[in-house]
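Trainee: Could you take me through one part of this model closely, namely the sheet and what surrounds it? I would like a connected account rather than a list.

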Amino acid sequence: APAYLTAPVALAGPAWRRTEQPLWQTRLPMVVAVDLSSASLATDVAPSRVAQMQARLRRLLQSSPEGPIGLVAFADDAFTVAPITDDAANVALFVDALQPDVMPVDGQSPARAIEWSRELIERAGYPRGRIVLVTDRADAAPQQAAVEGHAGGHLVSTLGLGSSDG
């Protein structure tokens with residue numbers, strides 16, 4: 001074939017260029033569920049359990065946790081404070097408002113907090129996630145809820161806050 005016929009085809013051949021490809025994300029969402037019952041006002045850890053919880057939560061949020069994060073508060077029932085988001089700074093906006101007086105009914109139901117956190121993760125479209133429970137107690141009911149959460153693919157951890165004297 002003459003060169004003048006093959007030259008346009010060669011020039012119009014495949015183009016090689018690099019395009020950005022999104023990376024597959026395997027980050028698990030984390031929901032932190034904080035106890036805002038009246039027990040969080042105890043002063044067995046200075047200045048109070050709720051102040052210690054707020055300080056630890058601020059540190060966690062400033063350390064740029066891996067993956068999306070959400071925030072739940074609980075006493076007798078559990079409530080979403082911040083839905084699951086990649087913006088930890090947005091979640092941090094709510095930390096100072098975490099006080100027992102925002103809860104409609106006092107009580108302590110960490111099992112309900114675990115269940116609510118699982119629902120929050122699943123409603124956000126994640127098949128599994130991490131739940132961090134910040135409380136001063138974990139009797140049989142939350143232990144059973146943690147076992148059920150684990151069976152459903154969720155990692156449930158507890159951050160104890162307070163002392164037996166409190």
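**The sheet and its central strand**

Mentor: The accessible surface of the protein comes to about 9,900 Å², and carbon and sulfur atoms hold 56% of that surface, while buried residues account for 34% of the 166 residues. Please keep in mind that this is a predicted model, with a mean pLDDT of 86 for the protein and 82% of its residues at 70 or more. One stretch calls for caution: over residues 21-25 the pLDDT stays under 50, and there the model has zero contacts beyond four places in sequence.

As for the overall layout, the protein has five helices and five strands, which follow one another along the sequence in the pattern α-β-α-β-β-α-α-β-α-β. The five strands form an open sheet with mixed pairing, in the order S3-S2-S1-S4-S5. Its edges are strand S3 (78-85) and strand S5 (155-160), each of which pairs on one side only, and neighbouring strands of this sheet are turned against each other by 15° on average, direction ignored.

Helix H4 (residues 110-123) packs on this sheet and touches strand S1 (30-35), S2, S3, strand S4 (130-135) and S5, with a direction that makes about 30° with that of S3.

Now to S1 itself, where six of its six residues are buried. The cover extends to both faces of S1, since Met30, Val32 and Val34 on one side are buried, as are Val31, Ala33 and Asp35 on the other. S1 pairs with S2 in the parallel sense over six bridges, and S1 also runs parallel to S4, to which five bridges join it. Val32 shows both pairings in a single residue: Val32 stands opposite Leu71 in S2, and in S4 the bridge partner of Val32 is Val132.

Going outward from S2 (residues 69-74), the pairing with S3 is antiparallel and spans five bridges; here Ala73 has Phe79 of S3 as its bridge partner.

One further detail belongs to the loop between S1 and helix H2 (49-62), where Pro47 is placed: the peptide bond from Ala46 to Pro47 is cis, with omega near -10°.

Finally, for the chain as a whole, among the contacts with a separation of 6 or more, 75% are between residues 24 or more positions apart.

Conventions: Residues are numbered from 1 along each chain as its sequence is written. This is a predicted model: local features need pLDDT of at least 70, side-chain atom pairs count only at pLDDT 80 or more; totals for chains, interfaces and linings use all residues. Side-chain values use heavy atoms; hydrogens and water are left out. pLDDT is the predictor's confidence in each residue, from 0 to 100. Contact means heavy atoms within 4.5 Å. Two strands pair if DSSP finds at least two bridges between them. Helices (H or I, at least four residues) and strands (E, at least two) are DSSP runs, numbered from the N terminus. Axes are lines fitted to C-alpha atoms, for helices over the stretch in contact, and angles run from 0 to 180 degrees between N-to-C directions. Buried means under 20% relative accessible area, exposed over 50%, partly exposed in between (1.4 Å probe, protein chains only). Accessible areas come from the Shrake-Rupley method with a 1.4 Å probe; for residues, only the protein chains shown count as cover.
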